[in-house]
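User: I'm new to reading protein models and would like to learn how to go through one feature at a time. Can you walk me through it?

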Amino acid sequence: MSSKDWLEKDFYAVLGISKSASADEIKKAYRKLARELHPDHNPGNTQAEDRFKAVSEAYDVLSDDKKRKEYDEMRTLFGSSAFRRGARSGSGSTFDMSDIFGDAAAGQASGDRRFGGAGFSDLFSSIFSGGGRGTTTARRGPARGRDVEAEVLLAFRDAVNGATLPLTLRAPGVCDTCHGTGAKPGSVPRTCPVCQGVGLTTSNQGSFSFSEPCRECQGVGTIVDVKCPECLGTGGVTKTRTLNVRIPAGVADGQKIRLAGRGEPGARGGPAGDLFVLIKVRGDNLYGRYGDDLTLAVPITFPEAVNGVDLTVPTLDGAVTVRVPPGTPSGRTLRVRGKGVPRRDGGHGDLLVTVDVVIPKDLPETARTALEDYAQAAPPAPREHIDRQVRHG
Ligand SMILES: [Zn+2]
Ligand SMILES: [Zn+2]
């Protein structure tokens, strides 16, 4: 658990309590959630398990006065929002689909389960032990990989039907040459003399103490004298990897899907982060989309609108006949049930067929003559109320 993790995570929100909650309120909120989310009560529910872990983690910090104080200070000092990534904070539009992703994700989930089992509290106690904090402490223990965000542009029908596509990710990774130390192989980074390897410096002002990242080592805790030639001392390189991502049927433009455990790999035995995929969907030349419904505009002639017509229209699985009743106005929408976009619950949206009376620019002579006859015989347009207004100024 690094200080950056603390900045990213809103432990108060996780427990559903206010920042001023008392120790008693914290305990109550934790007990309630822990009971609800306990793996024994939710067998096989990885979502509950993830939340259970998050709740335990939040409680671990907030229930300890000292840790809570450090946590509050750190978030006040560095401003939590700057470090919060869209994937985490934009949970409103995030769609947790880890349950329906392929085998690799499922394998990862079971890995997480091991992590969330007996070893979990041990892991936390080892991270927090020793009184240290900040990045050096985290460097020694397992660290969860970072979450990664990516974007895919889908063809309209791939979004509707689902698709499996390769997704190439460029993400920061650990330099293989120096294994992330930033030091040239054969040399060893030395502990920062200013912060003694903690990565933070603390100054006391009256009864308050303020911590900030150590300036000498930029918060890393160590100083590299001979830089690794591969990563130039940063310890990180940009790595490219390609994943086959299964996009479930029915995703919509702007939706975000989460692939648990497909983010950055963890360090030193820690679990991988998550991959958040932002979905962009191209337009279709035939259909539009409105939620789970597909929309389709069909031109009809004036006589068809007047007399009614049976239209044969395409759907995603074959053509269907739509009866347009006599006297249908232009712009009316007819609903074909169950011929829309697949939903997560196994159902489908509808196909909405909107009829559009076309006005021809040019008519063949016989049609023009017939239209003139029609104009003579037909009742006038019902616009007395308009004409009345014109007469009365
Ligand atoms: Zn390196
Ligand atoms: Zn330092």
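Analyst: Sure, and keep in mind that this is a predicted model. Let's begin with one residue: Asp310 is partly exposed, because its relative accessible area is 40%, and values between 20% and 50% get that label.

User: Which residue does the side chain of Asp310 meet in a salt bridge?

Analyst: A salt bridge pairs a side-chain nitrogen of Lys or Arg with a carboxyl oxygen of Asp or Glu. Here the partner is Arg323, with 2.7 Å from N to O. This pair connects distant parts of the chain: Asp310 sits in strand β13 (residues 309-315) and Arg323 in strand β14 (residues 318-324), 13 residues apart. Arg323 is exposed, with a relative accessible area of 61%.

User: How many salt bridges does the structure hold?

Analyst: There are 20 salt bridges. Another one joins Asp317 and Lys339, whose closest N and O atoms are 3.5 Å apart. That pair also links distant parts, with Asp317 in the loop between β13 and β14 and Lys339 in the loop between β15 (333-336) and β16 (351-357), 22 residues apart. Asp317 counts as exposed at 56% relative accessibility, while Lys339 counts as partly exposed at 22%.

User: Is Asp350 buried or exposed?

Analyst: Asp350 is buried, since its relative accessible area is 11% and the cut-off for buried is under 20%. Its salt-bridge partner is Arg337, and their closest N and O atoms are 3.5 Å apart. Both Arg337 and Asp350 lie in the loop between β15 and β16, 13 residues apart. Arg337 counts as exposed, at 64% relative accessibility. Salt bridges can share partners as well: that is how Asp50, Lys53, Arg144, Asp147, Arg258 and Asp274 are joined into one network.

User: Now the metals. What are the protein donors of the zinc ion (ligand 1)?

Analyst: To read a metal site, look at who the donors are, then at the angles among them. For ligand 1, the protein donors are the SG atoms of Cys175, Cys178, Cys228 and Cys231, lying 2.2 to 2.4 Å from the zinc ion. In sequence, these donor residues are spaced C-x2-C-x49-C-x2-C. Cys175 and Cys178 are both buried.

User: Why is the arrangement around the zinc ion (ligand 1) called tetrahedral?

Analyst: Ideal angles for four tetrahedral donors are 109.5 degrees. Around ligand 1 the four donor atoms subtend angles of 104 to 114°, which makes the arrangement tetrahedral.

User: Which residues are the donors of the zinc ion (ligand 2)?

Analyst: Cys192, Cys195, Cys214 and Cys217 give their SG atoms, 2.2 to 2.3 Å from the zinc ion. This site is tetrahedral too, with angles of 102 to 115° among the four donor atoms. The spacing of the donor residues is C-x2-C-x18-C-x2-C. Cys195 lies in the loop between β4 (190-191) and β5 (200-205) and Cys214 in the loop between β6 (208-213) and β7 (222-223), so this pair ties together parts 19 residues apart in sequence. Cys195 and Cys214 are both buried.

User: Which residues make the nonpolar surface patch?

Analyst: For a patch, look for neighbouring nonpolar side chains on the surface. Phe302, Val306, Leu371 and Tyr374 make this one, covering about 360 Å². Helices α12 (302-307) and α13 (365-377) each supply at least two of the patch residues. Leu371, in helix α13, counts as partly exposed at 42% relative accessibility.

User: And what about the chain as a whole?

Analyst: The chain has 14 helices and 16 strands, and 38% of its 393 residues count as buried.

How values were computed: Residues numbered from 1 in each chain as written. Chains lettered and ligands numbered in written order. Predicted model: local features only at pLDDT ≥ 70, side-chain atom pairs only at ≥ 80, totals over all residues. Heavy atoms only, no water. Donors = N, O, S within 2.8 Å, 3.2 Å for Na, K, Ca; no water. Tetrahedral: all angles 85-135°; square planar, octahedral: opposite > 155°, others 65-115°. Buried < 20%, exposed > 50% of the residue type's maximum accessible area, 1.4 Å probe, protein only. Patch = residues over 30% accessible without salt bridge, like charges linked within 9 Å, V, L, I, M, F, W, Y side chains within 5 Å. Areas by Shrake-Rupley, 256 points an atom, 1.4 Å probe, with all protein chains shown as cover. Salt bridge = Lys/Arg side-chain N within 4 Å of Asp/Glu carboxyl O. Helix = DSSP H or I, 4+ residues; strand = E, 2+ residues; numbered from the N terminus.
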